[in-house]
Amino acid sequence: MAYRPTGKFKKTALGVGGVAVLAGLNAPAAISFAQDQYHQYKIAQPAYQKKYGSWKQVSIPEEYRTNAIHAALLHTGKVLIVAGSGNDEANFDEGTFDTVLWDPRDDSFKKVETPEDLFCSGHSQLADGRLLVAGGTARYEVLDGAVERAGGGMRVKNENPEKEVTLKKGTRFRSPTGIEYVSRFDVTVPKAVKTVEGGGGGKGGGPEKVTVQASEARVWVEATGKGRAYVSKGPAQYAIVGLKGEDADNTYGLAEKITLDKQDYQGIRSAYEFDPVAEKYIPVDPMDKARWYPTLVTLQDGKVLAVSGLDDVGEIDPGDNEIYDPETKKWSPGPFRYFPTYPALFLTKGGKLFYPASNAGYGPAEKGREPGLWDIEKNTFEKVPGLTDLDQTETSASLLLPPAQDQKVMVLGGGGVGESEKSTRRTAVIDLKEENPAFKPGPDLPQGTRYLNSVIMPDDSVFTTGGSYDYRGRGASNIFKSQFYDPRTNSFTPAAEPTVGRNYHSEALLLPDGRVATFGSDSLYGNKENTKLGTFEQRMEVFTPPYLHKAAEGERPVLGKGPEEVKYGATATFATEDAGTITKARLMRPSAVTHTTDVEQRSIDVELKKTKDSVTFTVPKDPTLVPPGWYMVFVNTADGTPSEAKWIKVG
């Protein structure tokens, strides 16, 4: 039967046709308008949506619109959207920091009091369901040519073994020539270390030898005045104004240079646990090192490793990684190893971390850019070959492909270091189970893509969307495409096109109902000519996959009552009236994503047994495969239609 347009569509088409005929010189614009109208009609058709899926924007009340920098799914089903200052220096200067809770079940929103600027922090899912958030912003960058006051890192030394020294923000440091610099943050310098050797208490042990090793801490200082007269080009010792006598002798500053060069972002040491039930941030012990752009990754024992970041004077961390213990709420030193900022690190079977070379933001092009397996117990790093376009791994997406038992990691797209125009279509997959693992080429993306968001789906596909082919969407380079990757066939199939462009500072994550939510985007410019500054994208858009359009009402499997906790190696049984149609089950760890980096998401195949009115699955015994924490339980029919998720705590 031939298609007959609705009255509304006929009117639109006739109107457009009339315009096209009568407009003359305006014909191209009219034709484009008609094509757009037809496209909107086409993508709304059930047949199209069953094949490609569909997009819908979320209606957000104005008071809850925010610059989404971070997004994490909580075991309450709500999504924590963290902006902090939101890459807005005016917000930073005013101390206006933002966090919003979104409930996708009814599209309701709630503001959460945000204690510090958690902009560009790291985050990880804890075993008890809380979200660890660590690091953030102490100071915004000042670009070359805009620096008015000379600044630099001051090493504050303490030679007194009897007491630590705390210097408040605003402390002045005076150079040998009388020029003064002022600290911008509080700093505490530990006691010096006193060592006593020899001496025998009168038993002939020889003379006692006492040595004191000065302790130190760093703080950012700026000149009290403007201009080149305040530049210090060489190393010098600085007296601390206000200290006298022994205190002045024991405590002083050392700086290599204080310049008018570009001043980078600086990190904070603060750490918080976000409580999904109380819906508030709870402070825990701060890190030893300040971090901005760090990665936090959960280990098999439930502890969390914090890696990389810019420190309290804007320098990239040399490798002083730390481990957080959720039991004690304290940090301890981790294995020393350098990575660029926001490195992707995936926990693999056996406990090693795999670094696919994906990262975001900061670090030299020639250091820390090769992929490999990091044994954090022995602190060894085994490089792996085969990855092409190694100069374009920054802003690439990467993930542990489903199911996690396959131990395959994929890298998708990426770009050159920093503000490079380069972007790559390259995808690559590595099988870590092989004796000598090496990357092998995957299917090319439609075009070179940076900032691609990639989400593991309940049917074992990977949904990828958005990105741009130039740095931060420069030159109107946002890519309005989406696709599914099938790990079984190593191929892409197209999906419905999003209506909102996403590049830098964008996120995507799987929701418990099987949809995908997308947030954020921070274009550098707002037009193709790069003459208009961009604005932060505050619209949210949700993708409904084809499997939900295919499922007629009542045909989607439903999980009933079941346990909320399960031990490793144990079974969990859920009631269901759909056992006959269910063919597989997955445990899916919720996302915590920022800057294209999501090391939390993973999908675990679980052994499934059925009765006529229940399904039972067995949790693997290996915590390196299933890190402790809350998981979504999805069951699927043979055609890939998933249930809504049930939450269960594993550990």
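**View 1. Phe484 and Phe543 are both buried.** Burial here stands for a relative accessible area under 20%, whereas exposed stands for over 50% and partly exposed for the range in between, with a 1.4 Å probe and protein chains only. The model is a predicted one, in which local features need pLDDT of at least 70 and side-chain atom pairs count only at pLDDT 80 or more, while totals for chains, interfaces and linings use all residues. Residues are numbered from 1 along each chain as its sequence is written, and side-chain values use heavy atoms, with hydrogens and water left out.

The structure holds 29 aromatic pairs, a pair being two rings of Phe, Tyr or Trp (for Trp the six-membered ring) whose centres lie within 6.5 Å, with planes under 30 degrees apart counted as stacked, over 60 as edge-to-face and the rest as tilted. In one of them, the ring centres of Trp55 and Phe543 are 5.1 Å apart and the planes stand at 50°, so this pair is tilted. Because Trp55 belongs to strand β1 (residues 54-57) and Phe543 to strand β40 (residues 541-544), the pair ties together parts that are 488 residues apart in sequence. Trp55 is buried, as is Phe543. Phe543 also forms a tilted pair with Phe484, at 6.0 Å centre to centre and 50° between the planes. This second pair links distant parts of the chain, with Phe484 in strand β36 (residues 482-486) and Phe543 in strand β40, 59 residues apart. Strands (E, at least two residues) and helices (H or I, at least four) are DSSP runs, numbered from the N terminus.

**View 2. Ring pairs build a cluster that includes Phe92, Trp292 and Tyr362.** The other members of the cluster are Phe119, Tyr140, Tyr265, Tyr293 and Tyr342. An interaction of another kind involves Lys367, whose charged end sits over the ring of Tyr338 at 4.3 Å from the ring centre; the criterion asks for NZ of Lys or CZ of Arg within 6 Å of the ring centre and within 35 degrees of the ring normal.

**View 3. Val79, Trp102 and Phe519 have the most contacts inside the largest nonpolar core.** This core has 49 residues, where a nonpolar core is a set of buried Ala, Val, Leu, Ile, Met, Phe, Trp, Tyr and Cys residues joined through side-chain atoms within 4.5 Å. Not counting residues up to four places away in sequence, Phe519 touches several residues, among them Ala68, Ile81, Trp102, Arg502, Leu509 and Met540, contact meaning heavy atoms within 4.5 Å. Apart from the largest core lies another one of 48 residues, including Phe574, Leu587, Val619 and Tyr631.

**View 4. Strand β48 (residues 629-637) has nine of its nine residues buried.** With strand β43 (residues 582-589), β48 pairs in the antiparallel sense over six bridges, two strands being paired if DSSP finds at least two bridges between them. In this pairing, Arg586 stands opposite Phe634 of β48. Five bridges join β48 to strand β49 (residues 646-650), again antiparallel, and here Gly629 stands opposite Val650.

**View 5. An open antiparallel sheet of three strands has the order β42-β47-β46.** The edge strands, each pairing on one side only, are β42 (571-575) and β46 (607-611). From one strand to the next the twist averages 20°, taken between axes that are lines fitted to C-alpha atoms (for helices over the stretch in contact), with angles that run from 0 to 180 degrees between N-to-C directions. Between β42 and strand β47 (residues 614-618) there are five bridges in the antiparallel sense, with Thr618 in β47 as the bridge partner of Thr571.

**View 6. Two loop residues, Thr393 and Lys233, are shown with their surroundings.** Thr393, in the loop between β29 (380-383) and β30 (397-400), is buried with a relative accessible area of 1%. Leaving aside neighbours within four places in sequence, Thr393 is in contact with Ala357, Ser358, Asn359, Arg369, Leu387, Gly415 and Arg426. Lys233, in the loop between β16 (215-223) and β17 (236-240), is exposed, with a relative accessible area of 71%. Beyond its neighbours within four places in sequence, Lys233 is in contact with Glu256 and Lys257, and the C-alpha atoms of Lys233 and Ile258, 25 residues apart in sequence, are 6.4 Å apart in space.
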